[in-house]
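Please explain how this structure is put together, beginning with the metal sites and moving on to the rest of the chain.

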Amino acid sequence: MPKIDLHMHSTASDGAFAPSEVVHIALQKGLEVLALTDHDTLGGIPEAIEAAQGTSLKIITGIEVGIENGLRDVHVLGYGIDPNHQALNAKLEEMREFRLHRMEKMVDKLNAIGIGISKERVREIAGGAVIARPHIAKAMIEIGVVTDYNDAFNKYIGNDSPYYVKRLVLTPVEGIRLIHEAGGIAVVAHPCRYLDPLGVVNEFIRHGVDGVEIYYPDNSYKLRDDLFKLATKHNLVVTGGSDFHRPDPNGNLSIGCEDIPMSVVEGLEARLGQHS
Ligand code: AMP
Ligand code: MN
Ligand code: MN
Ligand code: MN
């Protein structure tokens, strides 16, 4: 089986390794195709492409954005987008700016109950990257109010927590249109994360989404089976990846953990070819 990973994060957003480090690990693991899919930024892509130059590793451009329809916070991956597309980058800039204020609001709420982390420290931890909750979690771990990332999310910063503040998210129509305008295809990420995975995918098909992420660690076999049927019925592109952010507590790196056939990349590229 070839090694392919189309869902990974770097220090351009909330991942632990720089884009070039992700590429080096991918090369060590023998990956053939990779897509970096940082949250709300295309900023890591040039470094990844440069690091892969002169190797046989193929890089597909990628991004992950939050889309909301009523109550649902659904993540959508964009593939094959032009990293310099103006309208997309302008919107992403707005989303990143919003994240800064949102972080400050969350820190204010946390400090109001005596947590005691500083906004400056969270910014420092993010180090110029897209500010996300894992950066807040890290500041909390540092001062010892939580033991690890999960603890932080479970106790203080999860989506249902009173200290949670929403990000600026796109509507389905807006998000999918932006990805299309930038020359890419839109894929519903990690269906297992939603209460009604098939309902979400069906809804996004109506909004014009092109594909679904089926090869994903937490997608059950039953869910994969159902999604493959849906993909066949609606001629969806099938994708997959690890959603790697950082080493697990044992130091293992999940990069390339899914067995993804090359037909996935071929299907993705064929669809991108139809767009251009
Ligand atoms: P944000 O984009 O700021 O809303 O933060 C969401 C990010 O937090 C996700 O992309 C994950 O990387 C991370 N995350 C969400 N839930 C958890 C959790 N339970 N444990 C650890 N990290 C999480
Ligand atoms: Mn993340
Ligand atoms: Mn996600
Ligand atoms: Mn992700």
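Donors are taken here as N, O and S atoms within 2.8 Å of the metal (3.2 Å for Na, K and Ca), and since water is not among the atoms, sites may look incomplete. The model is a predicted one, in which local features need pLDDT of at least 70 and side-chain atom pairs count only at pLDDT 80 or more, while totals for chains, interfaces and linings use all residues. Residues are numbered from 1 along each chain as its sequence is written, chains are lettered from A and ligands numbered from 1 in the order in which they are written, and side-chain values use heavy atoms, with hydrogens and water left out.

In sequence, the donor residues of the manganese ion (ligand 4) follow the spacing H-x1-H-x54-E-x178-D. They are H7 (NE2), H9 (NE2), E64 (OE) and D243 (OD), at 2.1 to 2.2 Å from the ion. H7 lies in the loop between β1 (4-5) and α1 (19-28) and E64 in strand β4, so the pair ties together parts that are 57 residues apart in sequence. Helices (H or I, at least four residues) and strands (E, at least two) are DSSP runs, numbered from the N terminus. H7 has 0% relative accessibility and therefore counts as buried. Buried means under 20% relative accessible area, exposed over 50%, and partly exposed in between (1.4 Å probe, protein chains only). E64, with a relative accessible area of 1%, is buried too. The fourth residue named above, D243, is found in the loop between β8 and α10. D243 has a positive phi of about 60° although it is not a glycine, and at 10% relative accessibility D243 counts as buried.

E64 also serves a second ion. The manganese ion (ligand 3) has E64 (OE), H75 (ND1) and H190 (NE2) as its protein donors, lying 2.1 to 2.2 Å from it. Along the chain these donors are spaced E-x10-H-x114-H. E64 lies in strand β4 (residues 62-69) and H75 in strand β5 (residues 72-79), so this pair ties together parts that are 11 residues apart in sequence. Both E64 and H75 are buried.

Which residues coordinate the manganese ion (ligand 2)? The donors are D14 (OD), H39 (NE2) and H245 (NE2), at 2.1 to 2.2 Å, and their spacing in sequence is D-x24-H-x205-H. H39 and H245 link distant parts of the chain: H39 is in the loop between β2 (33-35) and α2 (45-52), and H245 is in the loop between β8 (237-240) and α10 (262-275), 206 residues apart. H39 and H245 are both buried. The manganese ion (ligand 2) is 4.9 Å from the manganese ion (ligand 4) and 5.9 Å from the manganese ion (ligand 3).

Next comes the second largest pocket, which has a volume of about 250 Å³. On a 1 Å grid over the protein atoms alone, a pocket is an open set of points with protein on both sides within 12 Å along at least five of seven lines, and lining residues have an atom within 4 Å of a point. Grid points are joined across faces, edges and corners, and a volume is the space filled by probe spheres set on the points. The lining of this pocket holds 15 residues, and G15, A16, I125, K138 and Y149 lie nearest its centre. Helices α4 (119-126) and α5 (133-143) each supply at least two lining residues, and α5 gives the most, with five.

One residue of that lining, Y149, also takes part in a contact with a charge. The charged end of R246 sits over the ring of Y149, 4.0 Å from its centre. The rule for this asks that NZ of Lys or CZ of Arg be within 6 Å of the ring centre and within 35 degrees of the ring normal.

Aromatic rings also meet one another. Rings of Phe, Tyr and Trp (its six-membered ring) pair if their centres lie within 6.5 Å; planes under 30 degrees apart count as stacked, over 60 as edge-to-face and the rest as tilted. By this rule there are three aromatic pairs. Y156 and Y163 form a tilted one, 6.3 Å centre to centre with 45° between the planes. The rings of Y215 and F228 have their centres 5.8 Å apart and their planes at 75°, so that pair is edge-to-face. Y215 is in strand β7 (residues 211-215) and F228 in helix α9 (residues 221-234), 13 residues apart. At 14% relative accessibility Y215 counts as buried, whereas F228, at 33%, counts as partly exposed.

Methods. 1 Å grid on protein atoms, 1.4 Å probe; cavity = no way out; pocket = protein on both sides within 12 Å on 5 of 7 lines; lining within 4 Å.
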